[in-house]
Structure formats: structure tokens, C-alpha cells
Amino acid sequence: MLNLNIPGCIPAMNQSQLKPYIIVVIEETNLFNFRSFVNLLNQLNLNFVISPDPESAIFHAEYSNPDIIIIPFDPDQANAQETHRQLKQAKITQNVPLLWMNSYSEMNNQNPSSLATAFNALNPFVNFNNSQDNLLPDITIKTLKNQVKLQQELLIKLQAENQQLKRLATLDDLTQVANRRQFYTYLQEQWQSYERGYLSMILCDVDFFKFYNDTYGHLAGDYCLQRIANAIETAVKKVRESKPYLVARYGGEEFAVILPQVDVENARKIAEAIQFQIRSLRIPHLSSPISSLVTNSSGVACAIPGDQSHIQELISAADKAMYQAKFQGRDQVRVAPKIIE
């Protein structure tokens, strides 16, 4: 039996490096020079695992989701063809490309013409030209490299699509700032990251937005929310620059800002900057009882992260401060009375 604990065999795919994952099925120890083949895979910078039989390959495939399966090929033996049949019948491997790999150690003893004919018949990836000038190892390596290149291109495309899907899943469709789900995810992450530091939150509500929709229509209301979201993002970005923060649509006409490592006084200043930025849009709101332009009311709260149960207290404190701003006349900023610890 082969010793499968070979240096260089990597047990799992590293997707960040876009290395295709390969399972090599070993059926007979005399089919090829095993170490030479391992060296080839290492030279190609591949992740791979060695399976001694089809059953083991199928087992590994369930956990590793391979991009390619390589089967050693000897035209004088039927094992490779039986392996091909089993792998194509198994649901987990039936759609994985199978690549035949010719023998290294037996190459000099084979008849190139007969081997080329069998290789052509069984290998769907290779168009082998039966010429003495073409050496089978070169063709095999070239084929493997081409297949690897194809898999790398597919992985890059898949990674880009996954990143786009992830981005879309975290954004609010209308305003293109973070959605409520991302708000909670980010808040949880920052709460854990900045324990014993300050974490502030601003909740903003557009004043009399129902009146705005009733007066100007929902399409105008949507455009108004888009402009306000952009104004909040602009105001916060001017202050925070490269420092962490999150602007999210909390619900309806409400927006939230999460400010890691910001104390309550600086959070209040950022809330006031948001007020100014929204006013500077000069969006008409003739049905507002308090102003001819669109305004907003904001509540600020601050916490020192610790107990997980205090996350909801931070949100509640910011919400109460916002409603206090609305109750006291709107178009203003109010701050929660204490820091949550």
C-alpha cells in the first residue's frame, strides 16, 4: 500500500488563494512514480488529497467539493475504467471533471501509438496528436494546466458573484445603505471588538414623512429617502474619514448610525452635522407643521460594551432620545441621559 501521509498533500481548499482542489485516485502502486506526480502537483501550486480507491474519493468529495478528479491510466488494466464508472454514478462526483493521468514510471515501456489511441478514447479533455514529436507527459501536464486554468477562472467568477450577492444581501434596496439585518450584525461585531471602549449610536427619523408622501407621492418620497441616506453618509464620512462606522436604514423613514470608539459628546456633534447636511439639501416640505423644508429628529446614546444584554439597552436609549426630540418640537438632537455600562 502507498503511504498517503505525503508532505505537500493539502487537506482542504484555500479559496482565498483560488487554488483548485484535486482528488487523485490511486488504484495500483505500479501505475506511475508517485513522488514525481506529487512534485508535479506541488509545482503547479495545487491543493490535493490522495484516495486509494473510488469509495474513498467519493467520501472525500462530500467534504472537499473538488474541482477536478485525476485517475491514473494504464491501457492494459481495466481498473481505471471501473473507477470512472463508479465516480460518474455517484451523485457527489458525477459532474466533477475527470482527468486521466498516464503512467510516469511505465511510460518508457509503453507503445506510444497504442497508448495514445486509448488515451484519446477515454480522455475527453485531450486531443492527442499521434506523433513521435509529441511526448505524452508533456501533453498530460499541458492538459492539467489548462484544466487548472479553467477552474481558476471559474473560481474567480464564482468569488466575484458571491461577493456581489453578499453585498446585495447587506444593503437596503432603496437607499443603498446597510439594511436592518446588517445593522444588527455590525452592532454585534463592534460590541465584541470594542469591549471596554465607547460605542455610540444615532437614530434619525425624518419629520412628518407621512405628510410628505401624502403631498408629493411615494415616488418623490422614495427619492427623498435616497437623498437623505446619502446626506447622512456624507456627514458621517466627513468626520470619520477612514475610521469605522455604519449608516443603515433602520426602518421606514428611520436611519441608524453606529460609531465605534466615539464618546457621547462627539456622537452628539456628528448627529448635529447630520442635521445640517439634511437641511442643506433644501428639500421642500410644504405640508410640514414646523418647516418648509425636510428636517429630521435624532437621538444619541452611548455605551461601554460588556454584557451582551446591554446591546438592546443601547438601541432603546437611542430610540427614547429620538422620541424625546420629536416630542419637544422635532428638528433637533437629544442625548440619552447616561452612558450604558
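Good morning. I begin with D331, which lies in the loop between α10 and β9, the latter spanning residues 333–335. Please bear in mind throughout that the model on display is a predicted one. The phi angle of D331 is near 55°, a positive value in a residue other than glycine. As for its surroundings, D331 has a relative accessibility of 25% and therefore counts as partly exposed.

R282 may be introduced in a similar way. Its position is the loop between α9, residues 264–281, and β8, residues 296–303. Here too phi is positive in a residue other than glycine, with a value near 55°. Is R282 buried or exposed? At 58% relative accessibility, R282 counts as exposed, because the threshold for that class is over 50%.

Let me now turn to a pair of helices. Helix α6 covers residues 180–193 and helix α10 covers residues 310–327; their axes come within 11 Å and cross at roughly 120°. That angle makes α6 oblique to α10, because angles of 65 to 115 degrees count as roughly perpendicular and only those over 145 as roughly antiparallel. The crossing of these two helices, α6 and α10, is right-handed.

Which residues make the contact? On the side of α6 they are F183, Y184, L187, Q188 and W191. On the side of α10 they are H310, I311, L314 and I315. Sorted by character, the residues of this contact between α6 and α10 comprise 7 nonpolar and 2 polar, with no charged residue.

My next topic is N213, which is found in helix α7, residues 209–216. With a relative accessible area of 14%, N213 is buried, since buried means under 20%. If neighbours within four places in sequence are left aside, N213 is in contact with H218 and G221.

Finally, a word on the cysteines. A disulfide is a covalent bond between the sulfur atoms of two cysteines. How many disulfides does a search of the whole structure find? The search finds 0. Two cysteines may be mentioned individually. C204 is buried, with a relative accessible area of 2%. C302 likewise counts as buried, at 1% relative accessibility.

To summarise, I have shown D331 and R282, each with a positive phi near 55°. I have also described the right-handed crossing of α6 and α10, and the buried N213. Thank you for your attention.

Methods:
Residues numbered from 1 in each chain as written. Predicted model: local features only at pLDDT ≥ 70, side-chain atom pairs only at ≥ 80, totals over all residues. Heavy atoms only, no water. Axes fitted to C-alpha atoms, helices over the stretch in contact; angles between N-to-C directions. Helix = DSSP H or I, 4+ residues; strand = E, 2+ residues; numbered from the N terminus. Parallel < 35°, antiparallel > 145°, perpendicular 65-115°, else oblique. Left-handed = near helix turned anticlockwise from the far one by under 90°. Contact = heavy atoms within 4.5 Å. Nonpolar A, V, L, I, M, F, W, Y, C, P; charged D, E, K, R; others polar. Disulfide = S-S within 2.5 Å. Buried < 20%, exposed > 50% of the residue type's maximum accessible area, 1.4 Å probe, protein only.
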